[in-house]
Amino acid sequence: MTLQRTNLQKVKRFLGNNTVTILFLVICAFGIPLSGYSANYLVSEVVVRIARNSFLIVSLLIPILAGMGLNFGMTLGAMAGQIGLVFISDWGIVGIPGIVLAMIISTPISVALGIWCGKILNMAKGREMVTSYIIGFFMNGIYQLVVLYGMGAIIPIRSNSLVLPRGYGIRNTVNLIGIRKSLDNLLMIRLFGIPIPLFTLVVIALLCIFILWFKKTKLGQDMRAVGQDMEVARAAGIKVEHTRIVSIVISTVFAGYGMIIYLQNIGTLNTYNSHMQIGMFSVAALLVGGATVSQAKIRNVFLGVILFHIMFIVSPMAGKNLIGQAQLGEYFRVFVSYGVITVSLVLYEIRKKHDRGIAGQILAQEQGVEA
Amino acid sequence: MNVKVEKIISTIMQGVKSFGLPRIIIGLFLLLLFIAAPFVGVNIGTSLSDTFNRFGMNAVMVLAMVPMIHSGCGLNFGLPLGIIAGLLGGTLSMQFNFTGPASFMMAIVFATPFAVILGWGYGQLLNKVKGGEMMIATYVGFSSVAFMCIMWLLLPYSNPTMVWGYAGKGLRTTISTEGYYLHVLNDFLSIQVTDHLVIPTGMFLFFGLLALMVWAFLHTKTGTAMTAVGSNRTFARASGIHVDNIRTLSVVMSTWLGALGILVYQQSFGFIQLYMGPFYMALPAVSAILIGGASVNKATIMNVIVGTFLFQGILTMTPSVMNSMINTDMSEVIRIIVSNGMILYALTRKTEATR
Amino acid sequence: MVLSPFIAIGLLEYSSLVASFRLFATTLAVTVTFMVMDVRVTIKFERIEYMNEKKTPLLEMKHISKDFFGNQVLTDVNFTLRPGEILGLVGENGAGKSTLMKILFGMDEIHQTGGFGGEVLINGESVLFETPIDALAAGIGMVHQEFSLLPDFTATENILLNREPLKYTALSELFGERLNVLDREKMTEISEKAIKRLAVTLDPEMMVSQMPVGHKQFTEIARELSKEATDITEGIKLLVLDEPTAVLSEQEADSLLKAMRLLAESGIAIIFITHRLQEIIDVCDTIMVMRDGKIIKTVPAEGVVIPEIARWMVGREVKTVSHKRAVQDTAEREVLLKLQNLWVDMPGEVVRNVDLDVYKGEIIGIGGMAGQGKLGIPNGAMGLFPAGGKIFFEGKEIPLNSPRNFLDAGMAFVSEDRRGVGLLLDESLEWNVSFTAMQVQDKYLKKYLGGLFKWRDQKAIEETTEKYVKQMEIRCTSTKQKAKELSGGNQQKVCLAKAFAVEPKLLFVSEPTRGIDIGAKSLVLQALRKYNEELGTTIVMVSSELEELRSICDRIAIVSDGKVLGILPASTESAEFGLLMVGQHSELVDGGSL
């Protein structure tokens, strides 16, 4: 009888731990037939999005390892990447060299922003997520100051196609024609008629290998230690604050690279919007993949990308076919994105408390028996 | 002599400390803008008038922060939920063709049950996630806005001034309040000081009334309990307080004030902004009260008034003055930096962050 | 997010805690009422194997003294420790054991409070550790009462935390040492070696969160042992074990003691702090007893038996009880509060099964060792921690787990956790004093519209607060001052004032004098007695200081292992209480409530 209960509990626990993922499976299961898209179309779209988004999402993993939760401050890296892209567009450097150069330019900016962000988060221990979220907004102001007012005025930008007609500030959209899909097309193969950007996928695979390797290093071990208990780690002589800053720096730098990969696939840069949404979508995708605020694995990234983007692709069509309004599907997917994050955060907090509750129950039971 | 000077300096320093450095910097900046205004050809009267107007529009939403801060639920990033209640109230009042001041009254009447129900549910949720309220509040706000986007499309509104002309259904993105409750408060007892300076008395009175209510509430037995819950939850529990109930009450109050806040905003602004309109409305309100000197767990009515005035003053003055000075409108950027910088400042202060 | 792993630990710890309480109930000993002896007893007793060694002692602490802001906590402490010696350190809570160890480790707390007097010598050389890291480097290790282990790390990972052997990678040239990869094989090797020295079975790859408590303790010790000599640090020479057996089962404790002997034989000196006297006798070479910041006695452990120590410890001098009350015949008195089969799930202070009658008008003390559950009784009765069983007040049953019902019945509780439970630190004294009475009894309120509006009556609040400030001699600038700005003693007075303002029929007071200076202490006790005498309020006072209880109470109940062991009149000699805590009942024990 006891065994039966534990089995039931196991199932419950499994469902509880994977609520979000299961919810998404259900949404996709309903959405796909409703949308009427062909399997081929869906698969190729999903492949494109894996190549486009995975790098960005992987950049979220390291702060989670260090116990700092979901790094909404990844937008900082995205901004750095965009600044890199603006420069290479101005200088007219195209193709792979352009991408590499953009990455090189973004790196010092990302590092500086990451250090700053890490320091602020060290001042707000225990509420890292909401703080990193506000940091994203705050930096957006600085970014606008630099890009909208500084570029062309203080920072030299030659190209007229980039600068606003008033003489300074970057235009709202920047055409990235020079590097458009240059990474994806480097090694494009077709499998069952589905184009697969092999090179981009290899880059992502390399990053995943790096993450796996990183977990085995001393630094990775220190981050795990800091993530579990800062005080214990400190007592053992680990530099807690420094380790946390490093984790944010790594995340920011990768987010910058991820943004460049993302934008080379899209082909146009929405100078003042691209980076704002990307944090939210990446976090949502990771959570859909079954990650939590305290634990995330590489498989969560890919499962998340696939499920989240299937939902994203099918919902406007499904909305149109169901109610006759594509707009409805679009709102629906926005709602689901935010809803997913909400549900994950709530479940995480509740579970934290629930586990404590269980400890109490067991005690009470034990004492009840004794008494 | 020297001792005297030192004394004066130390008193000043203490004054600065108690008033808060960021507030002084922002205050001085605003003062500077007002001083500079006539020199660059900006009319002080118009500027003041604008500032007063914006103050009246936003003050109630800033006031909506107070109950939740008092009960220890943190900054109400979930303000959009209250706004949604207000939007429902406003649109329903229009749908049933109430006009003039009656439509404003009815909007409040219709908004109230929604605010209570939504606030109650929201409060229950926040009770389950003590310690992580702010992040969750943010996303509750976002998700509810996104959910309402779907509802605005689907709900069976039929008033032709509100729905899309071509489809005959689904609410428009912006709905004019003209003919309904446009300026019902603004024009009530308004005083024309000069050609350019108008004081929207009605709006101030309405805010004053609500602020008085909140102030009075905080002086009652239940209000005292609310402050104690925010100050030390365990203490309150050990004094026989039902902490969860008090917290829920505070959330309901905040939500209701948020609903009224958006109605006041709309009657002055002239439009109801639906769909993604309420999305980022929480941030200005949050930063306003922080600029006013509130912290994550302490806030007074004075913080609301000072904060709203400073924040809205800067929002009004920077575009006009800066624009005339350097021919560039940097107000948006300054707004983003000031408001979010203020929130960051509050979040990173350790001493006031405990509990 | 950091917390969740600890929940698992807490769970394991608890079940074992409960078990160990039961098993060791009889071996618990007490360190009460030691007479002050100013004779410094040097260690004469030595084990045969060290008899001939003329080596300088490994550790020598000379004339150590320490005060915290004028409050003397250590006075002229002297002792020596030889390699391979096990020194048992016993003493009441607050006797100065932990301060002594903090001095040895050069903790920040000591430096920040003005350092200490005297000298610490290691191998004959005077040392002064700036930080615990320095102490570790000199070969001194400490195993704490609380486990400082990472739950999601394996034993090996914990043992070698931040001391992992590394394998070179090229990237480390660029980004520094921390990008070298952990050498897992070598890690396992080192941890296995350390575990082997303890001669216990411990899977080095087991996750700490899945370990039984005993294994966690071994992991901690193995961590200290694995600290081998390197060019910058020395190998472990001295190990301090702070209550290592408190949470262990009998078997686990046994194997720990064996491991300790093994370590001693290999030349490591051990300072063993415990409340369990039997273990001290079993394993130690020398027993050192502390009280009131002084070393009272240093004796060889051989040939000593518990009752002998207990009697010897408490049987010399009995302070005359200043407080004389006519002892009334309990049989005729009215029972005001009745606890029946009370259990309380309070972490660290679990109450298992308490039956207790409190008579109207008396002051009853609840004493016992730390962690035995005496604090759990008032906290559970009030409803601050999950509790079960029954409580009757004035013959009516009061529902548990509801502070409101407890307060409504006419009881009040002054918590031992002043800052956490007792006070609104950020609010004024007025609020602190008046809040509970206002909320529970509608005091200090002006009512309008037939009670619909209950308005705070500022004047009444001020008057009451001023009254208590005067009455209790609370030192403050005004009644508007914030509670956090007061000293500990004055904060305690505010807590009492808060309870008095409720005018309870029965008042629970928990550790009312903990952490406050002597002057404030007597004021607090006086206030309690006066309150009892003048208003006839029944008081239940929980304290770990027996003398304090004896000076004010009528009867004292001794709690051990979450149960009431016995109740004695306060005029009983301290020795009897000592024996009771040790588990030796004498004929004086009032068995009526057992």
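These legends accompany close-up views of a predicted model.

In this predicted model, local features need pLDDT (the predictor's confidence in each residue, from 0 to 100) of at least 70 and side-chain atom pairs count only at pLDDT 80 or more, while totals for chains, interfaces and linings use all residues. Residues are numbered from 1 along each chain as its sequence is written, chains are lettered from A and ligands numbered from 1 in the order in which they are written, and side-chain values use heavy atoms, with hydrogens and water left out.

**View 1. The contact between chain A and chain B.** Here 39 residues from chain A meet 42 residues from chain B, where contact means heavy atoms within 4.5 Å. Together the two chains bury about 3700 Å², 76% of it on carbon and sulfur atoms; buried area is the accessible area (1.4 Å probe) that two parts lose on being put together, summed over both. In chain A, the residues that lose the most area to chain B are Arg127(A), Tyr331(A) and Tyr338(A), together 17% of what that side buries.

**View 2. Polar pairs and helices at the A–B contact.** Between chain A and chain B there are zero salt bridges (a side-chain nitrogen of Lys or Arg within 4 Å of a carboxyl oxygen of Asp or Glu). Two residue pairs are in polar contact, both at pLDDT 80 or more; such a contact is a pair of N or O atoms within 3.5 Å, and within protein one must be able to donate a hydrogen and the other to accept it, with residues adjacent in sequence counting only if both atoms are side-chain atoms. On the side of chain A that touches chain B, helices H6 (95-123), H7 (128-150) and H14 (326-370) of chain A each supply at least two residues. H14(A) gives the most, with 15 residues. Helices (H or I, at least four residues) and strands (E, at least two) are DSSP runs, numbered from the N terminus.

**View 3. Confidence along chain A.** The mean pLDDT of chain A is 86, and 94% of its residues reach 70 or more. Among the elements of chain A, helix H1 (residues 2-17) has the lowest mean, 68, and helix H11 (residues 240-266) the highest, 94. Take a look, too, at residues 367-371 of chain A, where pLDDT stays under 50.

**View 4. Asn97(B) in its loop.** Although not a glycine, Asn97(B) has a positive phi of about 60 degrees. You will find Asn97(B) in the loop between helix H5 (79-95) and helix H6 (100-128) of chain B.
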